Amino acid sequence: MSSLADRIAHLPLRMLARFVRWSEMDSPLDQRLETIVPRSPSEPAPLSYAQERLWFLEQLQPGNSAYNLPVVLPFGDPLDGAVLERALNAIVARHEALRTSFVMSGGVPVQRVAPHLAIPIEEIDLRGQADAQDVAYRLLAEEMARPFDLQRGPLVRAKLIRRAAGDALFVVNMHHIVSDGWSLGVFMRELQALYAAFASNRPAPLEELRIQYADFALWQREWLQGDMLSQHLSYWRDQLAGSPSLLDLPCDRPRPVMESYRGAVQMFTVEPRVTEKLRELARERQATLFMVLLAVFKALLARISGLHDIVVGSPIANRNRAELEALIGFFVNMLALRTQVSAELSVAELIDRVREVTLGAYEHQDLPFEKLVAELHPRRSLSHSPIYQLAFVLQNTPDAGSAEAAIEIAEPAWDRDPPHSVGTSKFDLTLSLAERGGILVGSCEYRTDLFAHRSIGRLLRRYLRMLDAAARDATTPLWQLPLLLPEETPPARRAASAIEPQLIEAMAPFGGDRAALAVAARAAAAAMKLERHSLLAVLDGDDENLRRLGQSAALAAGADVALVDAAGLATMRSSHVPSHMPSHVPSHMPSHVLLRPETLAKLKTEDMPPKAVLVIVGLPCFTAPLERWKAWRIIGLWGAGPLPCCATLSFEAPEAVIGEALAGCAIELLDARMRRQAVDVWGTIHIGGAMVGQPNAAMGAALVSDPFAPGGWLYPTGLLGRRRADGRIELIGAEQRLVFLQGMRGDPQRLDALLRQHPALQDAVVWVQDQGEERWLAASVVPQAGRRIGEEELLAYASERLPAGLVPRRIQLADKLPLTFALAEPRASRQAG
């Protein structure tokens, strides 16, 4: 829509009434909409609040192309390159923003407008080349990744790539500091009109602009102060009080300490049938299509994160004055839309909540987001943006069409032409939708430092399934919206082999359900590759769970077992064994060594039997310390609670994950309603199958009925994890130990384990440091005798392997650990891993 009046006229009745109430506020409407006057040409122009933020980001990370704003326009023939260049430069002459650069004056950045600026169009002719398409895409990617120099300018570039006869791409790349999405619509509309006029030897048909962007920037600074500023700030303070600093979504990779803006894009479409149903739903709820689409997106975010306080950023054109609608410039403002999303709400109820939040934000849209951040002083982090990290967009920028156009600018064909963002992402994730010929076309821009391509694909498919379900029945509770994809079936449960009665009776000394223990012992022995007459050395005999696992597995395999310490293991290694001994004769040299990962990190390779199988038990287990043990065969096992072993470990950088469940055991990831969680979504790990057995004194009180095996039982471990597409499970940590650190949930045990598994450290302890509302991790470590290591090296070691929230702010090196510290839990729960 081309004017504020048109947009108001298309509001639903309830929203129109809200607008009327807004116009009757104490602040008179004429004050809100007072005219912007042209500035004096000699007067230096300040940066707008939005420009100031992008300028600051450029100083922080020079040469960042994340805020390039390219538009790729397919053209047909006939196309006159000279006329096109003349039309482009007429637009540059018409809009001061496109002739602006940013320099320092008096210690502050100001806008410097060049009186004249000619932008050449670089023409590249690929016609006749067999690989023209591929070359064109490579050139586009290079252009989109090429940074601008804000001080020197120019901040607009243009290319014309002729791929074939009747097939050309016009690429105009601008920096976001001088343009926005609405501006691109203005640009395309004016380009058509000017090209048509110049091609026919007619003068430019556009009316002269009364004001320029710099006039707006100066007016904004003068207008937004006093009572006006206080009114807006009061609303936003109330709206965002106590909001989470980070929306902690399941990621494929640890969050880096500093944002890199590396990104990618995936496209999707919403079926026309679903789109029409969503429009009907919007009308029923006196809402807009934007509100319905956003509500379902927030429902999805709540389901996959397990959180209920959801803040999403959304852009608004911020052109609520008629004189701004024809300008090119950086006007767009971001609104932080916060909603409490309870699983018991229906879709309709959530839409109502989103509607009210959105309307309230619209009423207070004049406060620039940058000013809001400066006034609220939220907890800042270089690893993520403040207040929100996810954005949602429904494009409603003005049409580029023109009946007088001598050339037609087609919409990019998403299956053939590249998207408008290549290689960068401003936020963790931005979901955008726009109407193309009556169809909703969507794109998802995401940080590749955090998310894998396939994970984003699954997220988009979940969103489409939830949109379909919401459109069918808006009374559906949010927890019933479909999250599982058709192919997401749990791994088949492997039945336990028959267990002879003698082995069951032999489990009596260990207590508990003898039959279940026999199943676990047999499965563990098979996983360890124990054979009759193998010698299993259990290192760290003081570990009750480890000793129980080793003794029961050896009993099940008919193997020998020895409980030793590091010195005893070295003695066994040095024992002489004649080479002529038959293979069935027991040797004093261990064939298998059972130990914890932190114990292995402290051993020297010369103390380990050279052909022994190393059986590592427990999580967290980081793979960096395993590098020096490549010559040994390594097997990983994992157990939880009373079960010392129920699955294998898969050793992947930087941290091991839970692999295949052992025979007789089942591992389920369930939500609070005992339903299976989808791939990538956090859930509580439950263990079931014959290995759990029947209720008994050891864990009977904790057992719950198995909803997937009538008559069976599940043991809730209290551990949070998520299943990956390959079936493996990433362990997040114990739910009772989870703390929010820099907005992220984390288990401090992971840092504790990482430090204790460093080969240069003898011991370590981790604690949570509280200072007001801020919390962070600190650690104290004791280096190995004769080993030198510094705090910076340890911080880098942790940063490469853990999310930013779990990286300690301080690591103290000491000769011995302090006698008291704030958090002893990380080391107190080895049996859980």
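**Strand pairing, buried residues and side-chain pairs**

Author: Strands β1 and β4 (residues 108-113) pair in the antiparallel sense, over 2 bridges. The model is predicted: local features require pLDDT of at least 70, side-chain atom pairs count only at pLDDT 80 or more, and totals for chains, interfaces and linings use all residues. Residues are numbered from 1 along each chain as its sequence is written, and side-chain values use heavy atoms, with hydrogens and water left out.

Reader: What makes β1 and β4 count as paired?

Author: Two strands pair if DSSP finds at least two bridges between them, where strands (E, at least two residues) and helices (H or I, at least four) are DSSP runs numbered from the N terminus. The 2 bridges between β1 and β4 therefore satisfy the rule. Alanine 45 stands opposite glutamine 111 in β4.

Reader: In what order do the 3 strands of the open sheet lie?

Author: The order is β1-β4-β3, with antiparallel pairing. Strands β1 (45-46) and β3 are the edge strands, each pairing on one side only.

Reader: Why is β21 described as largely enclosed by the rest of the structure?

Author: Buried means under 20% relative accessible area, exposed over 50%, and partly exposed in between (1.4 Å probe, protein chains only). In β21 (residues 666-670), 5 of the 5 residues are buried, so the strand is largely enclosed by the rest of the structure. Ala666, Glu668 and Leu670 point one way from the strand, Ile667 and Leu669 the other way, and all are buried. Strand β21 is joined by 5 bridges to the antiparallel strand β22 (residues 682-688), where histidine 686 is the bridge partner of glutamate 668.

Reader: How do you know that arginine 99 has no salt bridge?

Author: A salt bridge requires a side-chain nitrogen of Lys or Arg within 4 Å of a carboxyl oxygen of Asp or Glu. For the buried arginine 99, the nearest side chain of opposite charge, glutamate 96, is 4.9 Å away; Lys and Arg count as positive and Asp and Glu as negative, while His and the chain ends are not counted. The distance of 4.9 Å exceeds the limit, so no salt bridge is assigned.

Reader: What does the side chain of arginine 99 reach at 3.4 Å?

Author: At 3.4 Å it reaches the backbone oxygen of proline 115, and a polar atom of the same arginine 99 side chain lies 2.6 Å from the backbone oxygen of alanine 114. A polar contact is a pair of N or O atoms within 3.5 Å; within protein, one must be able to donate a hydrogen and the other to accept it, and residues adjacent in sequence count only if both atoms are side-chain atoms. Arginine 99 is in the loop between α5 (81-94) and β3 (100-105).

Reader: What makes phenylalanine 268 and tyrosine 463 an edge-to-face pair?

Author: Rings of Phe, Tyr and Trp (its six-membered ring) pair if their centres lie within 6.5 Å; planes under 30 degrees apart count as stacked, over 60 as edge-to-face and the rest as tilted. The structure holds 15 aromatic pairs. In the pair of phenylalanine 268 and tyrosine 463, the centres are 6.4 Å apart and the planes at 85°, so both conditions are met. Phenylalanine 268 in strand β8 (residues 263-270) and tyrosine 463 in helix α14 (residues 453-472) are 195 residues apart.

Reader: Why is the pair of phenylalanine 369 and tyrosine 388 called tilted?

Author: Its ring centres are 5.1 Å apart and its planes stand at 55°, so the pair is tilted. Phenylalanine 369 is in helix α13 (residues 369-376) and tyrosine 388 in the loop between α13 and β11 (390-394).

Reader: How do you know that arginine 447 and glutamate 259 form a salt bridge?

Author: Their closest N and O atoms are 3.1 Å apart, so the distance criterion is fulfilled. Arginine 447 lies in strand β13 (residues 439-447) and glutamate 259 in the loop between α9 (226-240) and β8, so the pair ties together parts 188 residues apart in sequence. Arginine 447, at 3% relative accessible area, is buried, as is glutamate 259 at 11%.

Reader: What makes arginine 221 partly exposed?

Author: Its relative accessible area is 25%, a value between the two cut-offs, so it is neither buried nor exposed. The side chain of arginine 221 meets glutamate 52 in a salt bridge (3.0 Å, N to O).
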